[in-house]
Every structure is written in C-alpha cells, then in structure tokens.
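Please look over the sequence and the fold below before reading on. The briefing is grouped by topic, so that each point can be checked against the structure.

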Amino acid sequence: MTPSQAAMMIPDAAVSSETALDRFGPLPRPDLAFTPQVAEATAPIYEKVKHIIPAIEWPALAPTIHAINILKKQRNAVILAHNYMTPDIFHGVADIVGDSLQLAIEATRTDADVIVQCGVHFMAETSKILSPDKTVLIPDMKAGCSLAESITAADVRGLRERNPGVPIITYVNTSADVKAECDICCTSSNALQVVESFGVDKVFLIPDKYLAANVGNKTDVEVLIWDGACEVHERFTAQELRDYRKIEPGVKIIAHPECPPEVVAEADFAGSTAHMIDWVKTRRPEKVMMITECSMADNVASETPDVDFIRPCNLCPHMKRITLNKILDSLLEMKEEVVVDPAVASRARQAVERMINLKS
Ligand code: SF4
C-alpha cells in the first residue's frame, strides 16, 4: 500500500468509530434481471451508447445501470466520472463528467451528501479536499496512478531544502499530502499560465516530466522536472504516429501533454482532455486519432458519430478497476470511504484555491 493510499484509509475510528455504512444505513441488494421495465427505463441511455456498445451486451449492463441510478437517489449521491471511464459508466450512471478538477469543483456545487468518485484515488482525495463535509467514496481503493505514486510529501520537502526560493507547482495528479507541500496546483489546461504567474526565471513543475518539458518548450521560464510519468501516455511514440499517418492518410492526430515532447511535436494539436474533446466537437474532422487513454475516444465517439475514430488503444489499468458492479457495491455498502487528515486537506486546499483564483 502506498503512503497516499494509507492516508486515505485512515479509519473513521481516528475521528469516530462510525463507518459510512453506520451513518447512512444498509439498503437491500436489488434484483438485477433484465425486465421489460428495465429495458424501457434504460432505453434513452442505450440510445446514447448504441454506436459503441453492441445491442447483445445491453441486457447484461442495463440492470446494474438501472439499479445504480435508483440507489444514487436513495443515498442523495452524485456520481463523478472521469473522461477515462468506460462508456457504460460515463454515459450510463454519471451525473458529472470531465477531468479531475472539473469534477471536484462541480461536486462542491451540488447538495449531495455523498460523492462516488469514478476515477483514481488522487481524484477522490481532491473531491474530499474541496468538499470536506461530504462523504466521498471510491469503488476501488486500489485505483492508483503512476504519476501520483512517483512522489511523496518528503520528496517535495527535500526539493525545497535543496532549491530554496524556487516555487513548486504540482500537477493535480498528486496525493493530498504532496499538494499540501506545494505552492500551487495546476492542470494540463493551465500549467503554462501557472508557471508564468510567478514572474520568476525558474520553477518546479512536478511530478510529470513530460508535461513539464512540454510546458517548458512554450516559455522562457526554466521548468525544472521530477522524474514521474503517466504509464499510459509515455507508451506512445512519435514513430507510431508517423506510421499511423501512412496507413490512415488525412487523419488528424491530437495528443495529451502527458505524452513525450516528440509525440506532441508530431501531433496536429496538443491539449488537456477538455481541450481535446472541444477540438473534436468543434472541428469535426473526418478522421481523428486521440493520443490518450482509449476510453476517452469511445466516450467522444458516442457523441460525434460523424467522426471516424482511429483508436491506438492504451488503457489505464488503474481507471479500469472502476466497474459498474463495484459502483453498485459502493452505494449499497457505503465503501470505500476516503478520509483526508483535516490539517493536510486544509493546506492542500490552499494550493488548489490559489490556482482557481488565478483562473478567474
Ligand atoms: S492515465 Fe496516467 S495519469 Fe491518468 S490515472 Fe492512469 S496512470 Fe495516472
């Protein structure tokens, strides 16, 4: 177990002996038969995903989707789904979809008592940081992230000691402990703006060495790196993109800035998940290849059936730990509860709020 996972699993006993299930009470396990009523209730959802989920698979998915949508009302829960969730989750049960920070910010605006975070654990922590009074659940506590696991709070303190006066910016993909040690947070959308906001000649941008290098290529500020990487995006190569261009003439290639700089250089456009989605919806290219986690292409494809998606599929094994069945169990059994030490949460929130205030 990693330090951040351990921090998240601080039992409620540290504060109270009550579990989330004690507080919210049990609910009966629903029948999961594909009845005519379930078929009728889920028909509008199937309409949204029919281009990517074969009709033969729907009877296996629909009862769980239907049950989750009933349960979340009974629990006064809001389901947050990251862009990398599979289409059954993204289009079937989510109330709010987007990137991790969008999700956490939107959740603060709801009157839900419970947040079910369909994403990885640093995202659940970010939601808890911004909504300390809500109960935050993650359907699988083992849903980690290679970037978040690449650095600890002690590592950040070491960077500060060795580099006094150099601002430390953390990408949102870090634990609450790490955010608490940093000056400000950033996303892939606003990293350049945050880097330049300090008005100094060098900053650290941690932990993604590729995001830092890609931002460094656009500014005169020296962007110092930490040796972390996203295990999904670093697998793409520039040669792979060149090969796809040969076999798919005319294809537009758009890449996430967590990819190595030579991949970004080979792409027609690079941007955050939100910017990539906007790019496809606005430009409507005949053929597109999204160089990112492959469920995102599935989710965008269902909304843009006129665009032909070429899918070089790199799945995030951590994101794929979140399934419909685990979401159902999460709501029934009120597990796994994400708890962040209030003192850490308060300092981490400052780093996130500095970024939000910068944006406005
Ligand atoms: S896709 Fe990469 S950055 Fe996102 S959760 Fe998976 S490992 Fe982390």
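What follows takes up the domains, the ligand shell, two sheets and some backbone details.

The model described here is a predicted one. The protein is divided into domain 1 (20–145 + 319–336), domain 2 (148–230 + 344–359) and domain 3 (233–310), and a ligand is surrounded by residues that include Cys145, Cys230 and Cys316.

**Domains and their contact**

- Domain 1 and domain 2 are each assigned in two stretches of sequence, 20–145 with 319–336 and 148–230 with 344–359, whereas domain 3 is given as 233–310.
- Between the C-alpha centres of domain 1 and domain 3 there is a distance of 27 Å, and 15 residues of domain 1 are in contact with eleven residues of domain 3.
- On the side of domain 1 that touches domain 3, the helices α3 (36–49) and α5 (87–90) each supply at least two residues, and by class this side has seven nonpolar, six polar and two charged residues.

**The ligand and the three cysteines**

- The ligand is surrounded by Val120, Cys145, Ser146, Leu147, Asn173, Cys230, Glu231, Val232, Glu293, Cys316, His318 and Met319, a shell that divides into seven nonpolar, three polar and two charged residues.
- An unreviewed UniProt entry places the feature "binding site" at Cys145, Cys230 and Cys316.
- These three cysteines span 172 residues in sequence, yet no two of their C-alpha atoms are more than 9.2 Å apart, so they gather at one spot.
- Cys145, which is part of the shell around the ligand, is found in the loop between β4 (135–137) and α8 (153–162).

**The sheet of β5 to β8**

- Four strands form an open sheet with parallel pairing, in the order β6-β5-β7-β8.
- The edges are taken by β6 (184–186) and β8 (222–225), each of which has a single partner strand, so one side of each is left without a neighbour in the sheet.
- Neighbouring strands of this sheet are turned by 35° against each other on average, when direction is ignored.
- Strand β5 (residues 168–171) pairs with β6 in the parallel sense over three bridges, and Ile169 has Ile184 in β6 as its bridge partner.
- Helix α11 (residues 209–216) lies across β5, β7 (202–206) and β8, and runs at about 170° to β8.

**The sheet of β9 to β12**

- Another open sheet of four strands has the order β10-β9-β11-β12, and its pairing is parallel.
- Here β10 (269–270) and β12 (308–310) are the edge strands, each pairing on one side only.
- Strand β11 (residues 287–291) runs parallel to β12 and is joined to β12 by three bridges, with Ile310 in β12 as the bridge partner of Met289.

**Backbone details to check**

- Ile206 and Pro207 are joined by a cis peptide bond with an omega of about -5°, and Pro207 lies in the loop between β7 and α11.
- The peptide bond from Lys335 to Glu336 is also cis, with omega near -15°, and Glu336 has its place in the loop between α16 (324–333) and α17 (342–359).
- Asn76 has a positive phi of about 50° although it is not a glycine, and this residue sits in the loop between α4 (58–74) and β1 (77–82).

Note on methods: Residues are numbered from 1 along each chain as its sequence is written. This is a predicted model: local features need pLDDT of at least 70, side-chain atom pairs count only at pLDDT 80 or more; totals for chains, interfaces and linings use all residues. Two strands pair if DSSP finds at least two bridges between them. Axes are lines fitted to C-alpha atoms, for helices over the stretch in contact, and angles run from 0 to 180 degrees between N-to-C directions. Two residues are in contact if their C-beta atoms, placed from the backbone, lie within 7 Å. Domain bounds come from an automatic or database domain assignment. Ala, Val, Leu, Ile, Met, Phe, Trp, Tyr, Cys and Pro count as nonpolar, Asp, Glu, Lys and Arg as charged, and the others, Gly among them, as polar. A residue is near a molecule or strand if its C-beta atom, placed from the backbone, lies within 6 Å of it. UniProt positions are given in the numbering used here, feature names are shortened, and annotations may be inferred rather than shown by experiment.
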